[in-house]
Amino acid sequence: MAEPTELFDIIHSTRAMRRLKPDPVPDALVAKILQAGQCAPNGGNTQRWRFLVIKDAAIKKAVQVWYKRALDEVVGPRYASSAPPPGATAEGYKRQHSAVEYLTDHFHEAPVWIVPCIESAEKPTRSSGASIYPAVQNMLLAARALGLGATLTTRHLLYEKESEAALGLPPNVHSYAIIPIGYPMGKFGPVGRGPLAEFVYQDRWGQPFKGV
Ligand SMILES: Cc1cc2nc3c(=O)[nH]c(=O)nc-3n(C[C@H](O)[C@H](O)[C@H](O)COP(=O)(O)O)c2cc1C
């Protein structure tokens, strides 16, 4: 199937793609993804972002250990006891959980990771995040447009110190995500988020916006 090039088709089919083939991704495609990231807005255009591309199997494995531990100790039990989110059926939520477990077990086998970072002496905040997550979303969209699967992950931050040490980050650099990228095993599907009208208000909190 030809890859979509229409922006809205790409937006509507960019989902967390957690089952990835280990086949290598050409550097030229990784560069295209990074270029899309660099086009994103960032506060004051100061560009304190840095993007660490990881292909080294030993580094990925050292981080995966913490990523898995965070699933076993924190996120897994939460999945097991929580209700499906808006727009998801119980069956769909179960499938998501199993994909999350799959990615966790195979995290290090994704051929390439992009780790978006910010160099700053200050602790990460909402403001600093606002200067990196637009780049992350651009990269997810670019990966989708190229037929590559990717997932925005942040779970390693439950073991931030240990994971960032395994990533070899200097002390004044913090990671904001790990994006495993590879050719997807499955197909891209439509994003499911529930009815937009439930999430949008007009003028007063709780008052429906008639435009959706
Ligand atoms: C802030 C943030 C953190 C996330 N962290 C993880 C993660 O650590 N592991 C993971 O498998 N997915 C992670 N996700 C992906 C979400 O679980 C995913 O976007 C959501 O379930 C919707 O899935 P869909 O895009 O396939 O519809 C994260 C997403 C966001 C926005």
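## A walk through a predicted model, starting from strand β2

Let's begin with β2, which is mostly covered, since seven of its eight residues are buried. Buried here has a cut-off: 20 or more other C-beta atoms, placed from the backbone, lie within 10 Å of the residue's own, while 12 or fewer makes a residue exposed and anything in between partly exposed. The names of helices and strands come from DSSP runs (H or I over at least four residues for a helix, E over at least two for a strand), numbered from the N terminus. Keep in mind that this is a predicted model, where local features need pLDDT of at least 70, side-chain atom pairs count only at pLDDT 80 or more, and totals for chains, interfaces and linings use all residues. Residue numbers start from 1 along each chain as its sequence is written.

So what does β2 pair with? Two strands count as paired if DSSP finds at least two bridges between them. β1 and β2 run antiparallel and are joined by six bridges; Ile-54, for example, has Trp-113 in β2 as its bridge partner. Trp-113 also stands opposite Pro-180 in β5. β2 and β5 pair in the antiparallel sense too, over three bridges, and one pair to look for is Ile-114 with Ile-179 of β5. Strand β4 (residues 173-175) is another antiparallel partner of β2, again over three bridges. There, Glu-119 is matched with Val-173 in β4.

Now hop over to β5. Besides pairing with β2, β5 runs antiparallel to β3, with two bridges joining them, and Ala-150 stands opposite Ile-181 of β5. In a regular strand the side chains alternate between the two faces of the sheet. You can see this in β5: Ile-179 and Ile-181 point one way, Pro-180 and Gly-182 point the other way, and all are buried.

Next, find helix α6 (residues 133-145). Its 13 residues reach 18 Å from first C-alpha to last, close to the 18 Å expected at 1.5 Å a residue; the expected span is 1.5 Å times one less than the number of residues. An α-helix has 3.6 residues a turn, so residues three or four places apart point the same way. Among the buried residues of α6 are Ala-135, Val-136, Met-139 and Leu-140. What do the buried residues of α6 pack against? They pack against α1 (7-12), α2, β1, β2 (112-119), β3 (149-150) and β5 (179-182), where a contact means that two C-beta atoms, placed from the backbone, lie within 7 Å. After α6 comes Gly-147, with a positive phi near 80°.

Speaking of phi, most residues other than glycine have a negative one. Two residues here go against that habit. Asn-45 is not a glycine, yet has a positive phi of about 50°, and Gln-47 likewise has a positive phi near 50°. Asn-45 sits in the loop between α2 (27-38) and β1 (49-54), and Gln-47 is found in the loop between α2 and β1 as well. Are they buried or exposed? Asn-45 counts as exposed because it has 7 C-beta neighbours inside 10 Å, whereas Gln-47, with 13, counts as partly exposed.

There is a ligand to look at as well. Of the 13 residues around the ligand, Arg-15, Ala-16, Thr-153, Thr-154 and Arg-155 come nearest; a residue is near a molecule if its C-beta atom, placed from the backbone, lies within 6 Å of it.

Follow the chain past β5 and you reach Ala-197, in the segment after that strand. Ala-197 is exposed, because 12 other C-beta atoms lie within 10 Å. Its C-alpha atom is separated by 42 Å from that of Leu-167, 30 residues away along the chain. Not counting residues up to four places away in sequence, Ala-197 touches Pro-208 and Val-212. Phe-209 is also in the segment after β5, and touches Val-200, Tyr-201 and Gln-202 by that rule.

Finally, step back. The protein has seven helices and five strands. Its radius of gyration is 18 Å, close to the 17 Å that the globule rule gives for 212 residues, so the protein is as compact as a globular protein of that length. That radius is taken over C-alpha atoms, and the rule is 2.2 Å times the number of residues to the power 0.38. Of the 212 residues, 26% count as buried.
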